[in-house]
Amino acid sequence: MSEFVQDVNDGNFAEMVLDSKNPVLVDFWAQWCRPCRSLAPTVDALAEQYAGTARFMKLNVDDNPQVVERYGVQAIPTLIVFRDGEEKQRIVGVSRKEVIAQAIDAHVGKAN
């Protein structure tokens, strides 16, 4: 995980994600999930690219059942973009960097 991606959990999800002033991309993942691990470098690169305009969080689905259930995450990896405390966009499965960037751009504008 890069310095631009933070862990989030059931206990701090509301504060870190829902109350954020900036849009937040949450990566729902698990250690045993190979597709999740293959997506991680892409998420890290985007987190660095969007530093200051969007926040990036990782939520381990095995350790945080409350958030997983609340948002109905049934497959991983799942990426959800939140803005103003609401889910705005969801990407399920491994996606290209450009697809994820488009989802972020729809809620923050173009990155620097």
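## A buried histidine, a five-stranded sheet and an aromatic cluster

His107 is buried, with a relative accessible area of 16%. The model is predicted. The cut-off for burial is under 20% relative accessible area, so His107 qualifies. His107 belongs to helix 4. Which residues does His107 contact, leaving aside its neighbours within four places in sequence? They are Pro23, Val81, Arg83, Lys88 and Gln89.

**The sheet**

Five strands make an open sheet. Their order is 1-3-2-4-5, and the pairing is mixed. Strand 1 (5–7) and strand 5 (86–92) stand at the edges. Each has a single partner strand, so one side of each lacks a neighbour in the sheet. From one strand to the next, the twist averages 25°.

Helix 4 (residues 97–108) packs on this sheet. It touches strand 2, strand 3 (55–60), strand 4 and strand 5. The direction of helix 4 makes about 170° with that of strand 5.

Three of the strand pairings can be set out together.

| Strands | Sense | Bridges |
|---|---|---|
| Strand 1 and strand 3 | parallel | three |
| Strand 2 and strand 3 | parallel | six |
| Strand 2 and strand 4 | antiparallel | five |

Individual residues show the register. Val5 stands opposite Phe56 in strand 3. Leu25 also stands opposite Phe56. Phe56 therefore faces Val5 and Leu25 in the pairing, given that bridges define paired strands. On the antiparallel side, strand 2 spans residues 24–29. Val26 has Ile80 of strand 4 as its bridge partner. How much of strand 3 is buried? Five of its six residues are, and the strand is mostly covered.

**The aromatic cluster**

A search of the whole structure finds four aromatic pairs. One of them joins Phe13 and Tyr71. Their ring centres are 5.7 Å apart, and the planes meet at 45°. That pair is tilted. It links distant parts of the chain. Phe13 sits in helix 1 (residues 13–18). Tyr71 sits in the loop between helix 3 (65–70) and strand 4 (78–83). The two are 58 residues apart.

Phe13 also pairs with Phe82. Here the centres are 5.6 Å apart and the planes lie at 80°. Why is this pair edge-to-face? The angle between the planes is 80°, and the class begins over 60 degrees, so the pair falls within it. Phe13 lies in helix 1 and Phe82 in strand 4, so the pair ties together parts that are 69 residues apart in sequence.

Phe13, Tyr71 and Phe82 form one aromatic cluster. Are its members buried or exposed? Phe13 is buried, at a relative accessible area of 2%. Phe82 is buried at 1%. Tyr71 is buried at 13%.

Another ring has a charged residue over it. Lys58 lies over the face of Trp29, at 5.2 Å from the ring centre.

**The disulfide**

How many disulfides does a search of the whole structure find? It finds one. A disulfide is a covalent bond between the sulfur atoms of two cysteines. In this model the bond joins Cys33 to Cys36. The S to S distance is 2.4 Å. The torsion about the S-S bond is about 75°, so the disulfide is right-handed. Both Cys33 and Cys36 are buried.

**Backbone points on either side of strand 4**

Two loops that border strand 4 carry backbone features of note. Where is Pro77? Pro77 lies in the loop between helix 3 and strand 4. The peptide bond from Ile76 to Pro77 is cis, with omega near 0°. Tyr71 of the aromatic cluster is found in that loop too.

Asp84 lies in the loop between strand 4 and strand 5. Asp84 is not a glycine, yet its phi is positive, at about 55°. Its relative accessibility is 59%, so Asp84 counts as exposed.

**Strand 4 in summary**

Several threads meet in strand 4. Strand 4 pairs with strand 2 in the antiparallel sense. Helix 4 touches strand 4. Phe82 lies in strand 4 and pairs with Phe13 of helix 1.

Notes
Residues are numbered from 1 along each chain as its sequence is written. This is a predicted model: local features need pLDDT of at least 70, side-chain atom pairs count only at pLDDT 80 or more; totals for chains, interfaces and linings use all residues. Side-chain values use heavy atoms; hydrogens and water are left out. Rings of Phe, Tyr and Trp (its six-membered ring) pair if their centres lie within 6.5 Å; planes under 30 degrees apart count as stacked, over 60 as edge-to-face and the rest as tilted. Helices (H or I, at least four residues) and strands (E, at least two) are DSSP runs, numbered from the N terminus. Buried means under 20% relative accessible area, exposed over 50%, partly exposed in between (1.4 Å probe, protein chains only). A charge sits over a ring if NZ of Lys or CZ of Arg is within 6 Å of the ring centre and within 35 degrees of the ring normal. Two strands pair if DSSP finds at least two bridges between them. Axes are lines fitted to C-alpha atoms, for helices over the stretch in contact, and angles run from 0 to 180 degrees between N-to-C directions. Contact means heavy atoms within 4.5 Å. A disulfide is a pair of cysteine sulfur atoms within 2.5 Å.
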